[in-house]
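Opening the notebook on a new model today. I want to go through the aromatic rings, the core, the pocket and one loop residue.

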Amino acid sequence: MPVCRQTPYSAFNFLVELEPGQGQEVVAGFSEVSGLNAEVTIAEYRNGNNRTNYVSKIPGMHKAGDVTLKRGVIGAENIWQWLDAARAGNMADAKRDIVVKMLSEDRGDTVLSWKLRGALPIKWTGPTLTAKGGSDVAMEELVLAVETIDQE
């Protein structure tokens, strides 16, 4: 249960659990999670015999946006294997529930978490490779289609 406080939490303390029941075991750290959003579509309706000239707004379908995960390339194959399962049409292995946990400053407590239900990899982007040298980190990006997002 999140504790209400005066100062907002920092956005840099988080964990992503790609495997159900993964717990605190870190396979690869993500540097960014973006696109956590949920939306309710609205249907407009007006009775034909209504005396006033306005529409009623009725909640319709709800949907979650695509979520993007970014991490440095470390040679782990877990993302590629997951994408491969989706490309092969193996939905039993491809659809997963992912948990994103925001941690307290001391990393001791989970202050808020989001469960991405029915997450399916839809796009992988590899690193930009350049020979100019420098200190850029090779990054990979994974975009997930999500059926619904629950805040826990």
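Here are my entries, in the order I looked things up.

**Entry 1: what I have.** I note up front that this is a predicted model.

**Entry 2: aromatic rings.** I looked for ring pairs and got a count of 1 aromatic pair. The partners are W80 and W124, with ring centres 5.1 Å apart and planes at 80°. Edge-to-face starts at over 60 degrees, so I logged this pair as edge-to-face. Where do W80 and W124 sit? I found W80 in helix α1 (residues 78-87) and W124 in strand β7 (residues 110-125), so the pair ties together parts that are 44 residues apart in sequence.

I checked accessibility for both rings' residues too. W80 comes out at a relative accessible area of 38%, which is partly exposed. W124 has 31% and is also listed as partly exposed.

**Entry 3: the core.** Next I pulled up the largest nonpolar core, which has 21 residues. Inside this core, the residues with the most contacts are V16, L18, I98, L144 and V146. Two or more residues come from each of β1 (14-17), β5 (67-72), α1, β6 (96-103), β7 and β8. Which element gives the most to this core? My note says β7, with 5 residues.

I then picked V146 for a closer look. Setting aside residues up to four places away in sequence, V146 touches A64, G65, V67, L116, R117, G118 and A119.

**Entry 4: the pocket.** I moved on to the largest pocket, whose volume is about 250 Å³. I get 17 lining residues, and T128, D136, V137, A138 and M139 lie nearest the pocket's centre. By type, the lining splits into 5 nonpolar, 7 polar and 5 charged residues. Strand β8 (residues 139-145) gives the most to this lining, with 3 residues.

**Entry 5: L36.** Last stop was L36, which I located in the loop between β2 (32-34) and β3 (38-45). Is L36 buried, exposed or partly exposed? Its relative accessibility is 34%, and buried would need under 20%, so L36 counts as partly exposed.

Leaving out neighbours within four places in sequence, I listed V67, W114, L116 and I149 as the contacts of L36. V67 and L116 had already turned up in my V146 list. I also took the C-alpha to C-alpha distance from L36 to R5: 22 Å in space, with their positions 31 residues apart in sequence.

Methods:
Residues are numbered from 1 along each chain as its sequence is written. This is a predicted model: local features need pLDDT of at least 70, side-chain atom pairs count only at pLDDT 80 or more; totals for chains, interfaces and linings use all residues. Side-chain values use heavy atoms; hydrogens and water are left out. Rings of Phe, Tyr and Trp (its six-membered ring) pair if their centres lie within 6.5 Å; planes under 30 degrees apart count as stacked, over 60 as edge-to-face and the rest as tilted. Helices (H or I, at least four residues) and strands (E, at least two) are DSSP runs, numbered from the N terminus. Buried means under 20% relative accessible area, exposed over 50%, partly exposed in between (1.4 Å probe, protein chains only). On a 1 Å grid over the protein atoms alone, a cavity is a set of points where a 1.4 Å probe fits but cannot get out, and a pocket is an open set with protein on both sides within 12 Å along at least five of seven lines; lining residues have an atom within 4 Å of a point. Grid points are joined across faces, edges and corners, and a volume is the space filled by probe spheres set on the points. Ala, Val, Leu, Ile, Met, Phe, Trp, Tyr, Cys and Pro count as nonpolar, Asp, Glu, Lys and Arg as charged, and the others, Gly among them, as polar. A nonpolar core is a set of buried Ala, Val, Leu, Ile, Met, Phe, Trp, Tyr and Cys residues joined through side-chain atoms within 4.5 Å. Contact means heavy atoms within 4.5 Å.
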